Amino acid sequence: MTKRRTMKRMPTKDSRYAMCVKNRGYPASLDVCKVYRVIADSSAARSRMVRVIDETGEDYLYPAAYFRFVELPRDVLSLFSRKSA
């Protein structure tokens with residue numbers, strides 16, 4: 001039996017959000033089960049990192065294995081848009 005990779009694919013046009021599933025080493029910065037907005041960063045992806053925006057509006061790099069990319073329904077996306085405005 002082949003072991004599957006745990007890192008999920010990078011976000012597509014419709015999945016620019018990721019849920020934090022682990023925060024080891026970053027307990028003050030990442031909240032497990034929180035959904036973060038993702039900024040596409042091919043350089044970070046090559047290093048198995050992901051760039052996310054925190055509640056202050058700043059973006060930071062974290063290990064991609066700490067996140068699972070999610071596709072959000074349109075009505076939920078509109079809530080994120082209003083929050084960032």
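In this predicted model, the sulfur of C20 lies 8.0 Å from the closest cysteine sulfur, that of C33, which is too far for a bond. A disulfide is a covalent bond between the sulfur atoms of two cysteines. The cut-off applied here is a pair of cysteine sulfur atoms within 2.5 Å, and the structure holds zero disulfides. C33 is likewise in no disulfide, with the sulfur of C20 as its nearest cysteine sulfur.

The two cysteines sit in contrasting surroundings. C20 has 1% relative accessibility and therefore counts as buried, the limit being under 20%. C33 has 56% relative accessibility and so counts as exposed, the limit being over 50%. Even so, C33 is among the residues in contact with C20. Leaving aside neighbours within four places in sequence, the other contacts of C20 are L30, D31, V32, K34, Y36, Y66 and F67.

C33 lies in the loop between β1 and β2. Its backbone has a positive phi of about 75°, although C33 is not a glycine. Most residues other than glycine have a negative phi, and most peptide bonds are trans. R48, also a residue other than glycine, has a positive phi near 60°. R48 belongs to the loop between α1, residues 42-46, and β3.

The next step is the overall fold. The protein has two helices and five strands, and along the sequence these follow the pattern β-β-α-β-β-β-α. The five strands form an open sheet in the order β4-β3-β2-β1-β5, with antiparallel pairing. At the edges stand β4 (59-63) and β5 (67-70); each has a single partner strand, so one side of each is left without a neighbour in the sheet. From one strand to the next, the twist averages 45°.

Strand β1 can be followed in both directions across the sheet. On one side, three bridges join β1 (residues 17-20) to β2 (residues 35-39), and these two strands run antiparallel. Within this pairing, Y17 stands opposite R37 in β2, while the bridge partner of M19 in β2 is V35. Towards β5, β1 is joined by four bridges, again in an antiparallel arrangement. There M19 stands opposite R68 in β5. M19 thus has a partner in β2 and another in β5.

What makes up the largest nonpolar core? Its 12 residues are A18, C20, L30, Y36, V38, V50, V52, Y62, A64, Y66, F67 and F69. Strands β1, β2, β3 (49-53) and β5 each supply at least two of these residues. In a regular strand the side chains alternate between the two faces of the sheet. C20 is a member of this core, and its contacts include L30, Y36, Y66 and F67, which are core members as well.

A few totals describe the protein as a whole. Of its 85 residues, 22% are buried. The accessible surface comes to about 6,300 Å², and carbon and sulfur atoms account for 52% of that surface. Among contacts between residues at least 6 apart in sequence, 43% join residues at least 24 apart.

Key
Residues numbered from 1 in each chain as written. Predicted model: local features only at pLDDT ≥ 70, side-chain atom pairs only at ≥ 80, totals over all residues. Heavy atoms only, no water. Pairing = 2+ DSSP bridges. Axes fitted to C-alpha atoms, helices over the stretch in contact; angles between N-to-C directions. Buried < 20%, exposed > 50% of the residue type's maximum accessible area, 1.4 Å probe, protein only. Contact = heavy atoms within 4.5 Å. Areas by Shrake-Rupley, 256 points an atom, 1.4 Å probe, with all protein chains shown as cover. Core = buried A, V, L, I, M, F, W, Y, C linked by side-chain atoms within 4.5 Å.
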